[in-house]
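Work through the exercises below with the structure in view. Try each task before you read its solution.

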Amino acid sequence: METAAFKSQVQAFDDWKDGLAKNLESFRLWLRRNQLFQPETDLRLYHMLETLRSDYLTIAFVGEFSRGKTELINAIFFSEYGQRILPSDAGRTTMCPTELFFDRDSKLSYIRLLPIETRLKDIALADYKTMPGHWVELPLITNSAADMAQAMATITQTKRVSFTQAVALGFDKETLSKSKDPDGYVAIPAWRHALISFPHPLLSRGLCILDTPGLNALGSEPELTLSLLPKAQAIVFVLAADTGVTASDMAIWEEHIAQLKSKPNLGVYAVLNKIDSLWDELEGEKRAESSLQRILELTGRQLQLQAADVLPVSAQKGLLAKVRQDQGLLAKTRLGELEKILSEALLGNKQQALWESVVRDAGELLTDNARALEKRRDQLSLQRNEIERARGISQHQLAELLEQNQSTLAEYKKRILSLKPSQRLMERQTRIMLGHINPGLMNQKIEQTRHELVGAWTTIGMHRVIHNFFDSLEAVMSELMREAELSNKMAESIYRKFQEEHQMELLAPKLIVSRRYQRQLQLILQESQQFNESLVLTLSEQSFMIRRFFATTVSRTLELLNTVRRDLIHWSQSVMSPLLQQLHEQRDLIDRHVQDLGALQQDGATAAGRLRALNTLVLELDQELAQGRFLASQLTPPVLPASVSPSNVVDLARLRR
Ligand SMILES: Nc1nc2c(ncn2[C@@H]2O[C@H](COP(=O)(O)OP(=O)(O)OP(=O)(O)O)[C@@H](O)[C@H]2O)c(=O)[nH]1
Ligand SMILES: [Mg+2]
């Protein structure tokens, strides 16, 4: 029995993406065919295609120890193997965050494990992912379920280290003390993070599943909270029906998930697992159902979630029912309903996100270029009419017409030249903006902060150092915002002035949306701040955690600044291009027209041939414009049904043409 809901949704999504990629490719060809090709536009389209190709649909499972996260993953995704693929039988706890996906670049099946000792370095997980040498790689043989399960078991390996070593690695002193053996040794997870790639039908179509360990591991892995979870499209917070929301469930919820509830394009769900523990043969189904309803309502209230976002399930019985193909039992476990809701949320959120990051942009690009083409068509038909009329006029009149056009041509050439100083001005302004976020300056700030952190004697001192660092980042960002505003004003005034001086209708220049960057930085800092403050409550080994948390924040900030840098360079290369493109195009058209009129003056007979050619050209352009309109019509936003909040479901059928 298979995971029908996920299968159909993930497939539909992959098809949607394929269709979109094909559209973007056609758009690229369309641009080339119509001589609208521009290196920066092409680069933008290339980035969009890359985003589509390399993007994952991510669903994360989070919660306290032993709530059944791993069992739920086995039941939803891997039941066709007929056995547990990830270790989730009694006594097998997940030891480190585990990502299951298919690595389209390497196309190989593997398990990559990051040794726990890497925690001693201030390097963020995101950065380790780009350094294969630090990982231990095991091949994964996928044709036998038993072999696979055995290989997966390596993720749960532990190692014996001294108590002091364990503390140095960031494990909680109190928890460790409980398990210390007489020699002062303790068992800790051998791995910090696991990446598992294999060509499972859902994974190879772009699904990524994130399994996480219980509380203590969450607390000591800032990366998980600050970077992995926010990147998901659906987060499943797993609870057990027999215990409800306990104090430690609540602690995890508040520290790691509650703040993500309002994040756009991310669905947060609570799952009440183990409902089979409420099935009581003696009490009857009615009683079980009403006590389940009570727990569901209570859970919703405690977590401040809508009733529809709290879902009951029995993962264990669900897995069993699927393996035994027992439809009756499967219906009772309510696994199907959960799968439907999760898969729809996952997809809806991803489509919405891709729409915002890729499709809308492509649509704008297409519209702008179609307008340029329209202008070309209009200009050509004007010229055609002029030649048509010129056939009947005297040599003298023709000479005058030619002269007129020659002087217009000269005027256009002058206009193009007159833009040079403005171009230089914009280049200088871009250099000023880039100067504010120059990598050398940033690294200096970071190094200085690291240095101060090591020198700080108290937790309060460390917090102050980090606070200062955040303040200086915000100051840099406001400075950048100010310069960006100025750059926008400059661009607008260049366009406006040009338009007034030459009475040309122009496309508006693209502006820098600097507020978006500021919001993103604020979000990073806010999340870090929240997390940083939560550390005071939960951990004894402050300085270690604060340094690692700092590394994570730095890595996220640098990633953001890299994007800003790339966008600014891109902006400076393209801000003047609609104007220049239009001028060049006009110049070339008039140039050709001057030649036509010249030829007509020499030999009246050429006019008929040229007129035919112009007619064909105008007709061809009409066809190209229709094709452009068709391509634009394919780049439509996802349509959200009115009944659900934007962060939840998207109507797929509307998206596939
Ligand atoms: N009765 C019952 N037991 C379940 C259910 N789901 C999981 N379990 C059991 O609960 C225990 C813990 O399950 P796991 O899937 O390992 O839980 P986990 O949340 O991944 O736990 P950690 O990895 O330790 O954080 C195992 O013994 C499972 O068999 C369920 O629906 N009903
Ligand atoms: Mg687990």
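**Exercise 1.** Which helix gives the most residues to the shell around ligand 1?

*Solution.* This is a predicted model. Start with the elements that supply at least two residues each to the shell: α3 and α12 (315–324) are among them. Then look at the top contributor. That is α3, with 3 residues.

**Exercise 2.** Find the residues that come nearest to ligand 1, then list some polar contacts.

*Solution.* Step one: 21 residues surround ligand 1, and T70, E71, T93, T94 and D276 come nearest. Step two: take the oxygen atoms of ligand 1. A backbone N or O atom of S66 lies 2.8 Å from one oxygen atom. A polar side-chain atom of K69 also lies 2.8 Å from an oxygen atom of the ligand. Step three: turn to nitrogen. An N or O atom in the side chain of D276 is 2.7 Å from a nitrogen atom of ligand 1. Step four: check the cover. On its own, ligand 1 has 650 Å² of accessible area, and the protein covers 90% of it.

**Exercise 3.** Which residues coordinate the magnesium ion (ligand 2)?

*Solution.* Look for the donor atoms. They are OG1 of T70 and OG1 of T94, at 2.0 Å. Now place them. T70 sits in helix α3 (residues 69–77) and T94 in the loop between α3 and β2 (98–101), so the pair ties together parts 24 residues apart in sequence. Both T70 and T94 are buried.

**Exercise 4.** Where is the pLDDT below 50?

*Solution.* Begin with the whole chain: its mean pLDDT is 86, and 93% of its residues reach 70 or more. The stretch to find is residues 640–657. Beyond near neighbours in sequence, this stretch has 41 contacts in the model. Where pLDDT is low, predicted coordinates should not be read in detail.

Conventions:
Residues numbered from 1 in each chain as written. Chains lettered and ligands numbered in written order. Predicted model: local features only at pLDDT ≥ 70, side-chain atom pairs only at ≥ 80, totals over all residues. Heavy atoms only, no water. pLDDT = per-residue confidence, 0-100. Contact = heavy atoms within 4.5 Å. Donors = N, O, S within 2.8 Å, 3.2 Å for Na, K, Ca; no water. Helix = DSSP H or I, 4+ residues; strand = E, 2+ residues; numbered from the N terminus. Buried < 20%, exposed > 50% of the residue type's maximum accessible area, 1.4 Å probe, protein only. Near = heavy atom within 4 Å. Polar contact = N/O pair within 3.5 Å; in protein donor to acceptor, adjacent residues only side chain to side chain. Areas by Shrake-Rupley, 256 points an atom, 1.4 Å probe, with all protein chains shown as cover.
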